[in-house]
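The following exercises are to be worked with the sequence and the model side by side. Each task is followed by a solution in steps.

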Amino acid sequence: MVQKWVEDDMPSLDVGGLVVGTDRKVAHLWMKSPGVFAGKPFVDEVFRGLNCKVQWEAVAVEGRYVDATDTKILMATVNGEAKALLQGERTALNILSRCSGVATISAEAVKIARDFGWFGHVAGTRKTTPGDFRVVEKYGLLVGGAATHRLDLSQMVMLKDNHIWSAGSITGAVRLAKKAAGFTQKIEVECQSYEEAKEAALAGADIVMLDNFKPAQLKEDAKKLKSEFSHLLIEASGGITSETMHEYLCEEVDVISQGKLTQGYKCVDFSLKIAH
């Protein structure tokens, strides 16, 4: 997967590689803005495929906050042929900047929840970059302390409004899903009201997502649902951000998901410079 990303960046000929040649060089990887460092295994794989060796500094620990506010921080030294270093440069930096960005915003969201005394799951969503790169973003969630939610359509069954409209009802959709999924997969239903959530629970759903609820209504309905269905997992979602998340935190809510964790994150700045 990672090697394919490198190959995609030079589909025919690396013209710049002809300029720098095959002399052995040393390059320094710098972190230039603050954030939670993440993406190390992917960078190792980028340069492994190019026969380069990465030597990480002690500060380069996955999940560690690195304060590069006022000065850039040396994260690693990479040894290899000049052309190979530059062939892997942009792919490695793109991975690090995005993965660290996801980890940073995720860690911030988890900290907000813990500071409020809530210890449920802060989760991402399936709003990720299409294709293989979503693995990097999902990994960033984990490094930041958040939950990935489902990785793709093959994991868990989530019945959203379109599924329900197509099947005719929540009950009908859940019954069909249970037949298709068997006993090995959980079923989650997106609900717009307490009544829909109760119908989903009665039909056999394992998880209900209370979608786009106002905070007060969500807390009231979550409490009622837990009193009636103690086994039921409750997820809050829909327009929730790190700034508003505290309004939704309560004992009855098990999961709070945010699309922004993989869709609205700020990239962390990195650079790779050949020593001269």
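**Exercise 1. Helix α7 and its ends**

Which residue just after α7 takes a positive phi, and of about how many degrees? Determine also which residues of α7 are buried and which are exposed.

*Solution.* The model is a predicted one.

Step 1. The residue just after α7 is G182, whose phi is positive, at about 70 degrees.

Step 2. At the opposite end, where α7 starts, a side-chain oxygen of S169 comes to within 2.9 Å of the backbone nitrogen of G172.

Step 3. Helix α7 comprises 12 residues, 170-181, and its first and last C-alpha atoms span 16 Å, close to the 16 Å expected at 1.5 Å a residue.

Step 4. The buried residues of α7 are I170, A173, V174, A177 and A181. Around the axis they cover an arc of only 95 degrees, and therefore they lie on the same side of α7. The general background is that an α-helix has 3.6 residues a turn, so residues three or four places apart point the same way.

Step 5. R175, L176 and K179 are exposed, on the face of α7 turned away from the buried side.

Step 6. The packing partners of the buried residues of α7 are β7, α6 (161-167), β8 (187-191) and α8.

**Exercise 2. The buried face of α9**

Identify the buried residues of α9 and state what covers them.

*Solution.* Step 1. Helix α9 runs over residues 215-228, 14 in number, and reaches 20 Å between its first and last C-alpha atoms, close to the 20 Å expected at 1.5 Å a residue.

Step 2. P215, L218, D221, A222, L225 and K226 are its buried residues. Viewed down the axis of α9, they fall within an arc of 135 degrees, so they line one face of the helix.

Step 3. A216, K223 and S227 are exposed on the other side of α9.

Step 4. The cover over the buried residues of α9 includes α8 (194-203), β9 (207-211) and β10 (233-237).

**Exercise 3. Pairing with strand β5**

Find how many bridges join β5 to β1 and how many join β5 to β3.

*Solution.* Step 1. Strand β1 (residues 24-31) is joined to β5 (residues 73-81) by 8 bridges, and the two run antiparallel. Within this pairing, H28 has T77 of β5 as its bridge partner.

Step 2. Strand β3 (residues 53-56) is also antiparallel to β5, with 4 bridges. Here V54 has V78 of β5 as its bridge partner.

**Exercise 4. Aromatic pairs**

Classify the ring pair of W5 and F133, and explain what the pair ties together.

*Solution.* Step 1. A pair of aromatic rings is described by the distance of the centres and the angle of the planes. With ring centres within 6.5 Å as the criterion, the count is 4 aromatic pairs.

Step 2. For W5 and F133 the centres are 5.4 Å apart and the planes stand at 50 degrees, so the pair is tilted.

Step 3. W5 belongs to helix α1 (residues 2-8), whereas F133 lies in the loop between β6 (121-123) and α5 (134-143); the pair therefore ties together parts that are 128 residues apart in sequence.

Step 4. Both rings belong to buried residues: W5 has a relative accessible area of 15%, and F133 has a relative accessibility of 14%.

Step 5. Ring pairs also link F37, W56 and F270 into a cluster.

**Exercise 5. The setting of Q258**

Is Q258 buried or exposed, and which residues are in contact with it?

*Solution.* Step 1. Q258 lies in the loop between β11 (255-257) and α10 (260-263).

Step 2. Its relative accessibility is 0%, so Q258 counts as buried.

Step 3. Apart from neighbours within four places in sequence, the contacts of Q258 are A109, A123, G124, T125, I240, T241, S242 and M245.

Step 4. For S242 there is a further detail: its backbone nitrogen is 3.3 Å from a polar atom of the Q258 side chain.

**Exercise 6. Positive phi in the loop between α5 and β7**

What are the phi values of H149 and M156?

*Solution.* Step 1. Most residues other than glycine have a negative phi.

Step 2. H149, which is not a glycine, has a positive phi near 65 degrees. M156, also not a glycine, has a positive phi of about 60 degrees.

Step 3. H149 is in the loop between α5 and β7 (157-159), and M156 is placed in the loop between α5 and β7 as well.

Step 4. H149 counts as buried at 19% relative accessibility, and M156 counts as buried at 18%.

How values were computed:
Residues numbered from 1 in each chain as written. Predicted model: local features only at pLDDT ≥ 70, side-chain atom pairs only at ≥ 80, totals over all residues. Heavy atoms only, no water. Buried < 20%, exposed > 50% of the residue type's maximum accessible area, 1.4 Å probe, protein only. Polar contact = N/O pair within 3.5 Å; in protein donor to acceptor, adjacent residues only side chain to side chain. Contact = heavy atoms within 4.5 Å. Pairing = 2+ DSSP bridges. Expected span 1.5 Å × (residues − 1). Arc of directions from axis to C-beta. Phe/Tyr/Trp six-rings, centres within 6.5 Å; stacked < 30°, edge-to-face > 60°.
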